[in-house]
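Me: Hi! I've got a structure open here and would like to talk through its pockets and a few helix contacts. Could you help?
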Amino acid sequence: MGLTLTEKILRDHIIEGEPKKGSEIGIRIDQTLTQDATGTMAYLEFEAMGVPRVKTEKSVAYIDHNTLQSGFENADDHRFIGSVCKKHGIYFSRPGNGICHQVHLERFGIPGKTLIGSDSHTPTGGGIGMIAIGAGGMDVAVAMGGGTYYITYPKIVKVNLSGKLSPWVAAKDVILEVLRILSVKGGVGKVIEYCGEGVKTLSVPERATITNMGAELGATTSIFPSDEITRSFLKAQGREQDYVPLSADPDAEYDEVVEINLSELEPMAACPHSPDNVKKISELEGMKIDQVCIGSCTNSSLLDMLKVAHILSGKTVDPGVSLAIAPGSKQVLNMIAENGALSKMIDAGARILESACGPCIGMGQSPNSGGISLRTFNRNFEGRSGTKDGQIYLVSPEVAAASAIKGVMTDPRSLGEMPAFKLPEVFTINDNMIVPPIEADKMDTVEVLRGPNIKPFPVSEPLADTIDARCSLKVQDNITTDHIMPAGAKILPLRSNIPKISEYCFAVCDEDFPKRALELGRSIIVGGSNYGQGSSREHAALAPLYLGVKAVLVKSFARIHMANLINAGIIPMTFANEADYDRIDQMDELLIENVRKQIEESSTLTITNKTKGFDFEAKIELSERQRKMLLAGGLLNYTKNNA
């Protein structure tokens with residue numbers, strides 16, 4: 001039996017464990033990336049490990065999230081990250097150079113390599129045949145120090161692409177179709193591998209759009225083969241030497257197969273408030289809109305910008321619509337400035353934003369109250385835009401631009417004949433905004449610059465023998481990390497200050513939670529299914545840790561958040577019988593006796609609801625290493641103990 005592409009790369013990188021589905025493996029990490037919203041904490045954790053130099057082939061720090069400098073906090077964090085890079089041998093992508101995933105695809109990604117990043121959309125790298133995985137900052141810090149990264153050996157889903165996209169139908173519509181079929185929970189524990197003749201019709205930026213938004217499936221990652229199209233892209237970037245041909249064996253076997261005929265797809269949108277709430281544009285056409293935002297790591301490539309400029313050329317944005325456009329990198333911005341595409345956007349009335357994440361994480365451009373905003377982004381969770389009742393639709397750049405002109409949701413197939421959009425044979429290469437590592441003999445003299453907003457991350461203690469705590473919060477299904485630890489212009493600058501940012505923990509669900517949790521001293525959170533979906537932000541675990549949360553009991557977890565809870569020393573438990581969820585109320589007193597012994601010896605915990613007077617069981621699906629981590633009080637303590 002042949003191997004899938006995923007299996008080939010993983011097996012080439014396995015350090016610990018066996019390639020058996022469902023078992024834990026440890027893999028060697030070739031590259032890491034961080035961004036500034038998660039990076040400050042990741043580098044504080046790296047410093048705490050006492051490793052003088054990064055040990056990966058390449059580690060890159062990007063400044064792309066917290067670029068709005070309305071106070072000293074973000075600028076201080078950027079200065080801190082820049083100085084850490086100099087001291088420890090990390091490439092530093094300066095503010096203005098672009099969004100981490102777009103730049104990494106252009107300048108650093110290599111087929112067949114492994115990459116983990118402290119951002120959930122790191123799977124963008126799968127567009128050029130990498131195993132690229134989003135992870136918590138602490139996992140990235142350990143990998144930078146030469147440590148092994150652990151995942152569950154995944155099931156592998158084959159998405160077999162046939163046919164070719166029709167004019168004005170986009171790569172965004174491909175991933176929306178996959179989300180419609182599989183849902184935001186459908187990729188948990190799986191890698192999505194794209195195969196078939198249809199793959200050959202998709203450019204690298206189109207592939208990257210698909211793998212990027214595969215994060216919304218809950219998948220470990222997504223991947224395309226590395227072929228002649230990959231080679232052409234790398235050659236145009238001046239990196240043909242990095243090309244490696246990679247594909248699945250013809251007789252490879254998959255756990256699931258999804259068939260998609262590209263020729264049958266039509267423009268689609270993910271409706272509020274979930275990426276899998278997908279409808280055809282033809283069902284929504286004519287709906288009045290208020291705002292259009294084009295960009296993000298999903299759809300800000302040169303190819304996307306060229307299509308948008310063509311649609312806007314000679315037109316004017318509808319007077320009832322605000323149109324904002326953010327090119328994904330300095331390279332893209334330079335090239336559209338040189339070829340005239342930028343001028344067409346400006347002429348049409350677009351508001352040009354810097355090459356950064358911006359509105360995607362609520363960093364500016366929030367829509368009006370109850371406003372309908374079309375965005376080429378990857379997430380439309382409630383409140384994520386910065387407007388609590390904003391109605392966010394996720395669409396392709398083609399739909400976004402056409403709708404901005406018309407003032408209503410518009411099917412771009414009404415635009416007439418579509419020209420052939422081609423990537424250039426040579427991209428404009430100028431890496432002057434990437435600071436490479438300095439000479440090793442100079443690193444020790446570098447001073448790390450810390451601002452007053454940078455506080456030590458909360459330290460977890462070894463697990464106690466008994467947990468007797470109230471249920472401080474009970475929440476429903478599909479709680480995202482945006483619910484747990486919101487983003488936005490007001491909160492993101494506090495990412496390096498856990499005590500302060502914890503004041504906003506679960507503010508979307510219950511504004512009184514932080515105060516209540518602190519007053520309780522220790523507590524347990526109860527939730528529904530797919531708890532913690534969305535961003536990789538470890539702050540969604542660190543803030544609860546600071547507030548005294550000892551355990552989280554839910555119906556099911558999203559992968560990255562469960563790992564972050566374990567890293568923080570918080571016990572992740574799932575109901576053995578989901579009906580028990582309905583038997584627990586907020587403020588019930590829950591008792592778990594002999595916790596350490598139960599975790600050491602069993603896959604279930606017995607919990608007593610002292611308020612209601614009944615016992616029930618919870619499952620703890622942990623590897624042996626994860627059990628030891630919890631007993632030690634988290635990954636940092638575990639790493640120090642085993643150094």
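Me: Which helix gives the most to the lining of the largest pocket?
Reply: That's α19, with five residues. Helices (H or I, at least four residues) and strands (E, at least two) are DSSP runs numbered from the N terminus. One caution: this is a predicted model, where local features need pLDDT of at least 70, side-chain atom pairs count only at pLDDT 80 or more, and totals for chains, interfaces and linings use all residues. Residues are numbered from 1 along each chain as its sequence is written, and side-chain values use heavy atoms, leaving out hydrogens and water.

Me: Cool. What's the volume of that largest pocket?
Reply: About 950 Å³. A pocket here is an open set of points on a 1 Å grid over the protein atoms alone, where a 1.4 Å probe fits, with protein on both sides within 12 Å along at least five of seven lines; lining residues have an atom within 4 Å of a point. The volume is the space filled by probe spheres set on the points.

Me: And which residues are closest to its centre?
Reply: Of the 36 lining residues, Thr-152, Val-188, Arg-559, Met-562 and Glu-621 are the closest. Besides α19 (559-568), β8 (149-152), β24 (571-575) and α21 (624-632) each supply at least two residues of the lining.

Me: How do those lining residues divide by class?
Reply: Into 15 nonpolar, eleven polar and ten charged. Ala, Val, Leu, Ile, Met, Phe, Trp, Tyr, Cys and Pro count as nonpolar, Asp, Glu, Lys and Arg as charged, and the others, Gly among them, as polar.

Me: What about the second largest pocket, how many residues line that one?
Reply: 30 residues, with Thr-201, Ser-203, Glu-206, Phe-421 and Lys-422 nearest its centre. The volume is about 720 Å³, and α8 gives the most to the lining, with six residues.

Me: Switching to helices: at what angle do α11 and α12 cross?
Reply: Roughly 80 degrees, with the axes of α11 (residues 330-339) and α12 (residues 341-348) coming within 4 Å. Axes are lines fitted to C-alpha atoms over the stretch in contact, and angles run from 0 to 180 degrees between N-to-C directions. The two helices are therefore roughly perpendicular, a label for 65 to 115 degrees.

Me: Which residues meet there?
Reply: Leu-333, Ile-336, Ala-337 and Asn-339 of α11 meet Ala-341, Leu-342 and Met-345 of α12, where contact means heavy atoms within 4.5 Å. By class, that contact has six nonpolar residues, one polar and no charged.

Methods. Angles under 35 degrees count as roughly parallel, over 145 as roughly antiparallel, 65 to 115 as roughly perpendicular and the rest as oblique.
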